[in-house]
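Here's a quick tour of one protein model, written for someone meeting structures for the first time. Keep the picture open while you read, and look up each spot as it comes along.

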Amino acid sequence: MEITIRQEHPKNYQTTEEVVKSAFSTLAYSDNQEHYLVNRIRKSDAFIPELSIVAFNQENELVGHVLLSKIQIVNGPTKVDSLALAPVSVAPEVHRKGLGSQLILTALE
């Protein structure tokens, strides 16, 4: 499977949300709201555009997305800035082919 991975662009937002929605639509543990989460993160101060990563197949169809966003970990008086990785979304037709792992590794780089 030939895949191109790159930063998400604003013109991809709607298609990305459709992929996120379809990726979680049949999972028993999902509340089917993950695409709304992506939308809310994009509109927040936690959003880092360079860490919103998409994957395209050889037909140039968007088939995956991963998002890292800013968080703060608080333990009493100690506060540490960090990143949250969520969600990782892969279109159902390419599940179990390693794309989720590829997206995560690219985001972590």
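First, some vocabulary: helices (H or I, at least four residues) and strands (E, at least two) are DSSP runs, numbered from the N terminus. Two strands pair if DSSP finds at least two bridges between them. With that in hand, here's the main feature: an open sheet of 4 strands in the order β1-β2-β3-β4, with antiparallel pairing. What you're looking at is a predicted model, where local features need pLDDT of at least 70 and side-chain atom pairs count only at pLDDT 80 or more, while totals for chains, interfaces and linings use all residues. Residues are numbered from 1 along each chain as its sequence is written, and side-chain values use heavy atoms, with hydrogens and water left out.

**The sheet**

- Strands of a sheet pair through backbone hydrogen bonds, either parallel or antiparallel.
- Which strands sit at the edges of this sheet? They are β1 (4–7) and β4 (78–90), and each of them pairs on one side only.
- From one strand to the next, the twist averages 20°. (Axes are lines fitted to C-alpha atoms, for helices over the stretch in contact, and angles run from 0 to 180 degrees between N-to-C directions.)
- β1 and β2 run antiparallel and share 4 bridges; there, Ile5 stands opposite Ala55 in β2.
- Ala55 also has a bridge partner in β3, namely Gly64.
- β2 (residues 47–56) and β3 (residues 62–75) are antiparallel too, joined by 6 bridges. Here you can spot Val54 opposite His65 in β3.
- His65, in turn, stands opposite Ser89 in β4, and β3 and β4 pair antiparallel over 11 bridges.
- How covered is β2? Of its 10 residues, 8 are buried, so this strand is mostly covered. (Buried means under 20% relative accessible area, exposed means over 50%, and partly exposed is in between, using a 1.4 Å probe and protein chains only.)

**Turns and backbone oddities**

- Most residues other than glycine have a negative phi, and most peptide bonds are trans. Keep that in mind for the next few points.
- β2 and β3 form a hairpin with 5 residues between them. Asn60, in that turn, isn't a glycine, yet its phi is positive, near 65°.
- Is Asn60 buried or exposed? Asn60 counts as exposed because its relative accessibility is 60%.
- β3 and β4 make a hairpin as well, with 2 residues between them, and Gly76 in the turn has a positive phi of about 60°.
- Arg96 is another non-glycine residue with a positive phi, about 65°. You'll find Arg96 in the loop between β4 and α3 (99–108), and its relative accessible area of 87% is why it is called exposed.
- Where's the cis peptide bond? Look between Ala86 and Pro87, where omega is about -10°; Pro87 is found in strand β4.

**The helices**

- Helix α2 (residues 34–42) lies across β2, β3 and β4, running at about 60° to β3.
- Two packed helices are described by the angle between their axes and the distance between the axes.
- For helix α1 (residues 13–24) and α2, the axes come within 7 Å and cross at roughly 145°.
- Which residues of α1 and α2 make the contact? On α1 they are Tyr13, Thr16, Glu17, Val20, Lys21 and Phe24, and on α2 they are Glu34, His35, Val38, Asn39 and Arg42. (Contact means heavy atoms within 4.5 Å.)
- His35 is in helix α2 and counts as buried because its relative accessibility is 8%. Setting aside neighbours within four places in sequence, His35 is in contact with Glu17, Val20 and Lys21.
- Leu37 is in α2 as well, but Leu37 is partly exposed, because its relative accessible area is 31%.
- The C-alpha atoms of Leu37 and Ala84 are separated by 13 Å, and these two residues are 47 residues apart along the chain.

**A charge and a ring**

- The charged end of Arg42 sits over the ring of Tyr13, 3.9 Å from the ring's centre. (That label needs NZ of Lys or CZ of Arg within 6 Å of the ring centre and within 35 degrees of the ring normal.)
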